[in-house]
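Subject: A structure for you to look at

Hi,

Here is the structure I promised to pass on to you. Have a look around it first, and then read my notes below.

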Amino acid sequence: MKVKQTIRGGLDWPLMRDNVTRADLDAVIDYLKQDEPILTHAAQVRAFEREWSDWVGVKYSVFVSSGSSANLLTLAALKALTGGGEIIVPPLTWVSDIAAVLHCGFEPVFVDIDQRTLGMDPKQVIARLTPRTRAVFLTHVLGYNGLTQELLDELARRRVPLIEDVCESHGATFRGRRLGSFGWASNFSFYYAHHLSTIEGGMVCTNDEDLYETVRMMRSHGMVRELNSQERKEEYWESYPDLNPDFIFAYPAWNVRSTEINAIIGRSQLPRLEENIQLRTKNLLLFLNHLDPTVFQTDFAIEGSSNYALTLILKEADADLWRQVSMCLRTNGVEFRRGLSGGGNQLRQPYLRRLLPPDEHKKYPRVEHVHFYGCYIGNYPTLPQEKILRLCELLNGLAKGRGCRAA
């Protein structure tokens, strides 16, 4: 399946390539050929959840309709289990992380980013912990690991849950363990250009049985019949004898189920995921190793990374040079997104400006820098390496005053 390309030029480099292959589609077709195939949530979803849990290294996974749905259910479950309070969140993330915090009645507390990981600065996170902190919601941005042992130890000491957003970072590791296996909960997205795609889809992962069962119910209207535990079902039946056991709603929740077809695509892709991650990482290293390190940031914390998109950031604020970089990318048909993950500093977005003081966004200078002088460029397993080398040559030439021409 091809993405419609609206940008043309010397390199003809779209932001995304659809990960869904002919083999994935054939797997769906084979399934549909059987007599009376079940299409809604059933055995294929269950199998995908088990396989994904094994791959990440967790006990439980719940397949949902999107990464945003995973964010919402995780925060809703946290609210149901702990009550209200503060959630420490990054200003550089996708809108749904912060939206879930707001929708579930928590108060977001922001900290600035670490320049080398693009995730929250761990020392600032620790400094902002209070008795009202209900969780730290950490985003692993564009495939970089955002964890440190100091942060994990301090959260464990204070018994503050960690929620990992791994939507852009499938397969990235910290100290040999896959991201998504450290937190009380972790959220993944399977959007069509992510490392693994189910077209639309997401996953909530956890080792906590209470959270697992709560999310299972919340995924499907809050219905008790969605519980995995027979014992827990019977407890509800005994507590509410006046209700039909098939229609007991423990929570005022949603329908964010996915389907058998989405699960089949995910199961088809999982065996080649590791190889695709290695190709993405190879592309990132080639890109960073050939950029001029005096002009562009190249010292990212790449150990254990699982790149989602190539990261291009000016080392110093230079509006004129950034205009030249943007023009060079457009001239050569290289699609990009200024501001990195989620469009840059979320504190500049209308939905937060209505809630926060007028100049709140200016208190976070590191994310402000990437908002104006950073972007990401598409990375995918089929990206030709000669394109990466040619783009680096063009970008480095800008700093030497050579201008930019079509490749």
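Please keep in mind that this is a predicted model. A good place to begin is phenylalanine 287: leaving aside its neighbours within four places in sequence, Phe287 is in contact with Leu310, Thr311, Leu312, Ile377, Ile388, Leu391 and Cys392.

Phe287 also belongs to the largest nonpolar core, which has 80 residues. Along with Trp13, Leu75, Leu118, Leu312, Val325 and Ile377, Phe287 is among the residues that touch the most other members of that core. Helix α3, covering residues 67-82, gives the most to this core, with 7 residues. There is also a second, separate core of 36 residues, and its members include Phe48, Val111, Met120 and Phe182. As background, nonpolar side chains tend to be buried together in soluble globular proteins.

Now for the open spaces. The largest pocket holds about 480 Å³ of space. Its lining is made up of 25 residues, and those nearest the centre are Trp94, Glu168, Tyr191, His194 and Tyr308. Two elements, α3 and α4 (95-103), give two or more residues to this lining, and α3 gives the most, with 3 residues. By type, the lining of the largest pocket has 8 nonpolar, 12 polar and 5 charged residues.

The second largest pocket holds about 290 Å³. Among the 17 residues lining that pocket, Asn145, Leu147, Phe174, Ala301 and Glu303 are the closest to its centre. This lining divides into 5 nonpolar, 8 polar and 4 charged residues.

Enjoy exploring!

Best wishes

Terms used. Residues numbered from 1 in each chain as written. Predicted model: local features only at pLDDT ≥ 70, side-chain atom pairs only at ≥ 80, totals over all residues. Heavy atoms only, no water. Core = buried A, V, L, I, M, F, W, Y, C linked by side-chain atoms within 4.5 Å. Buried < 20%, exposed > 50% of the residue type's maximum accessible area, 1.4 Å probe, protein only. Helix = DSSP H or I, 4+ residues; strand = E, 2+ residues; numbered from the N terminus. Contact = heavy atoms within 4.5 Å. 1 Å grid on protein atoms, 1.4 Å probe; cavity = no way out; pocket = protein on both sides within 12 Å on 5 of 7 lines; lining within 4 Å. Points joined across faces, edges and corners; volume = space filled by probe spheres on them. Nonpolar A, V, L, I, M, F, W, Y, C, P; charged D, E, K, R; others polar.
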